[in-house]
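Hi,

Here is the structure I promised to pass on. Have a look at it first, and then read on for what turned up.

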Amino acid sequence: MPNFEHPEYPEATLLHLESMVPCRESQVSSLMSIFGERQHFSFPSIFIYGHTSSGKTYVMQTLLETLELPHVFVNCVECFTSRLLLEEILTQLQNLSSENKHGSHVPCDTFNDFVCLFKQEIITQDLQNQTVYIVLDKAEQLREMEANVLPGFLRLQEMTDRNVTVIFLSEIVWELFRPNTGCLEPFTLYFPDYSIVCRDLKELRHLAALNFTKYCEPVVRGEANERDTRRLWKNIESHLKKAMQTVYLREISSSQWERIQQDDGEPGHLKGLSAHAHVELPYYSKFLLIAAYLASYNPARTDKRFFLKHHGKIKKTNFLKKHEKTSNHLLGPKPFPLDRLLAILYSIVDNKVAPTANIFSQITSLVTLQLLTLVGHDDKLDGPKYKCTVSLDFIRAIARTVNFDIIKYLYDFL
């Protein structure tokens with residue numbers, strides 16, 4: 001018998017769901033109780049918070065997909081302006097229909113426009129008789145948008161008169177969200193850490209995958225059996241400590257680490273790397289420099305084409321304006337704001353690496369190394385702007401060390 005009970009879903013589905021969300025049965029059970037049956041009106045808004053890698057995004061995706069509930073999943077770092085956010089929600093809502101998997105672009109300038117378009121789309125998709133879920137991941141970014149966006153999402157069910165629930169996923173508590181003018185309070189749910197030993201599940205899984213072959217070597221050689229944990233640990237201990245000092249801190253990439261182990265070398269002596277890559281940059285800073293280069297040499301209007309998921313079909317003839325014949329690389333790097341840099345960074349990193357250092361100190365270090373240049377003055381109200389000062393050959397060498405095809409993301413090479 002499954003731990004989950006719900007009259008709406010068969011036992012096999014609930015058993016499968018239970019197997020997919022270990023150590024999160026309590027949270028999933030609470031969410032299923034809140035959701036109720038498909039035709040029931042749910043809470044207008046739910047606020048889920050917890051530390052990074054505590055399973056918030058994974059559990060919500062697994063729950064909604066396993067139960068086949070109509071939903072929209074948007075990352076607020078990728079959609080870093082209110083217009084991008086609202087348009088992405090409407091585009092994904094179009095894609096819910098099996099007949100229309102590539103919805104056309106829906107322009108939406110204001111929240112009032114969004115409310116009207118959302119109501120129309122619910123009717124078009126024939127979703128009036130069931131709850132539609134809008135999940136906003138990295139919801140802390142909403143605090144940087146217009147003042148009406150957060151209160152609007154909290155009251156979206158009331159404003160649209162539709163059966164819709166907005167779910168906020170965040171790493172900070174609700175008290176840091178609450179507007180001073182007051183708002184409709186969401187239902188809050190906390191996701192605790194998986195264990196007190198390792199808070200970051202992604203890092204633990206990443207290190208385990210890299211070192212498992214080394215851990216099994218005594219068994220393969222016939223020197224120990226699978227249950228001889230003492231001898232297995234003795235074989236892996238020094239190797240694991242070395243990995244914690246390099247791979248976990250992102251001083252080298254995973255592929256470089258594996259190559260070193262095959263050559264029985266030391267992390268300080270990397271073989272086969274381009275001379276350009278010998279600038280001593282942590283692994284995560286390399287992605288930061290790549291994002292800065294893309295922001296400097298790509299027009300801002302092309303970001304949606306290159307970095308936004310589910311951007312829909314964009315014809316190349318419309319995308320490339322006829323009068324734009326001059327190469328951006330000939331014109332030189334353009335300044336870009338910090339929020340654009342972070343949005344591109346998050347898009348290109350994806351799940352390859354989790355940040356383990358303060359990103360702002362990384363940016364300061366790149367400025368100190370003169371790989372980035374700070375543009376403007378500190379007294380400007382719109383925040384700092386930067387330029388990337390490295391050459392194309394340099395950034396291609398850096399990109400190769402992290403297996404990133406930068407040419408594919410450059411506007412000049414379309």
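Contact, as I use the word below, means heavy atoms within 4.5 Å. Bear in mind too that this is a predicted model.

With that in hand, start at Tyr-133, which is found in strand 3. Setting aside its neighbours within four places in sequence, Tyr-133 is in contact with Phe-35, Leu-64, Leu-69, Pro-70, His-71, Val-72, Thr-165 and Ile-167. One of these partners, Val-72, is 61 residues away from Tyr-133 in sequence, yet the two are 6.3 Å apart in space, C-alpha to C-alpha. Is Tyr-133 buried or exposed? Its relative accessible area is 2%, so Tyr-133 is buried.

Now the overall picture. The protein chain has 17 helices and eight strands. Of its 414 residues, 45% count as buried. If you take contacts between residues at least 6 apart in sequence, 73% of them join residues at least 24 apart.

On to the nonpolar cores. The largest one has 39 residues, and those with the most contacts inside it are Leu-289, Ile-290, Ile-348 and Ile-406. Several elements each supply at least two residues of this core: helix 11 (283-297), helix 12 (303-307), helix 15 (338-349), helix 16 (359-368), strand 8 (385-388) and helix 17 (392-401). Which helix gives the most to this core? That is helix 11, with twelve residues. Apart from this core lies another, of 36 residues, with Leu-86, Leu-90, Phe-114 and Ala-139 among them.

Ile-290 deserves a click in your viewer. Not counting residues up to four places away in sequence, Ile-290 touches Ile-348, Ile-395, Ile-398, Ala-399, Val-402, Phe-404 and Ile-406.

Some of those partners come up again where helix 11 packs against helix 17. The angle between these two helices is about 140°, with their axes 10 Å apart. That makes helix 11 oblique to helix 17, because an angle has to be over 145 degrees to count as roughly antiparallel. The crossing of helix 11 past helix 17 is left-handed. On the helix 11 side you will find Lys-286, Leu-289, Ile-290 and Tyr-293, and these meet Leu-392, Phe-394, Ile-395, Ile-398, Ala-399 and Thr-401 of helix 17. By class, the residues of this contact divide into eight nonpolar, one polar and one charged.

Two further helix pairs are on my list. Helix 4 (residues 82-95) and helix 5 have axes that come within 11 Å and cross at roughly 5°. Helix 4 and helix 5 are therefore roughly parallel to each other. Leu-86, Ile-89, Leu-90, Leu-93 and Gln-94 of helix 4 meet Phe-111, Phe-114, Leu-117, Phe-118, Glu-121 and Ile-122 of helix 5. Here the split is nine nonpolar, one polar and one charged.

The other pair is helix 1 (residues 11-20) and helix 3 (residues 56-66), whose axes come within 10 Å and cross at roughly 165°. That makes helix 1 roughly antiparallel to helix 3. Helix 1 passes helix 3 in a right-handed crossing. Thr-13, His-16, Leu-17 and Met-20 of helix 1 make the contact with Tyr-58, Thr-62, Leu-63 and Thr-66 of helix 3. This contact has four nonpolar, four polar and no charged residues.

Elsewhere, Leu-207 is found in helix 8 (residues 201-220). At 8% relative accessibility, Leu-207 counts as buried. Leu-207 and Leu-240 are 33 residues apart in sequence but 8.5 Å apart in space, again C-alpha to C-alpha.

Finally, some backbone angles to look at. Most residues other than glycine have a negative phi. Cys-23 has a positive value, near 65°. Where is Cys-23 found? It is in the loop between helix 1 and helix 2 (25-35), and with a relative accessible area of 54% Cys-23 is exposed. Asp-126 has a positive phi as well, of about 60°, although it is not a glycine. Asp-126 is found in the loop between helix 5 (111-124) and strand 3 (132-137). With a relative accessible area of 56%, Asp-126 is exposed.

Over to you.

Cheers

Methods:
Residues numbered from 1 in each chain as written. Predicted model: local features only at pLDDT ≥ 70, side-chain atom pairs only at ≥ 80, totals over all residues. Heavy atoms only, no water. Axes fitted to C-alpha atoms, helices over the stretch in contact; angles between N-to-C directions. Helix = DSSP H or I, 4+ residues; strand = E, 2+ residues; numbered from the N terminus. Parallel < 35°, antiparallel > 145°, perpendicular 65-115°, else oblique. Left-handed = near helix turned anticlockwise from the far one by under 90°. Nonpolar A, V, L, I, M, F, W, Y, C, P; charged D, E, K, R; others polar. Core = buried A, V, L, I, M, F, W, Y, C linked by side-chain atoms within 4.5 Å. Buried < 20%, exposed > 50% of the residue type's maximum accessible area, 1.4 Å probe, protein only.
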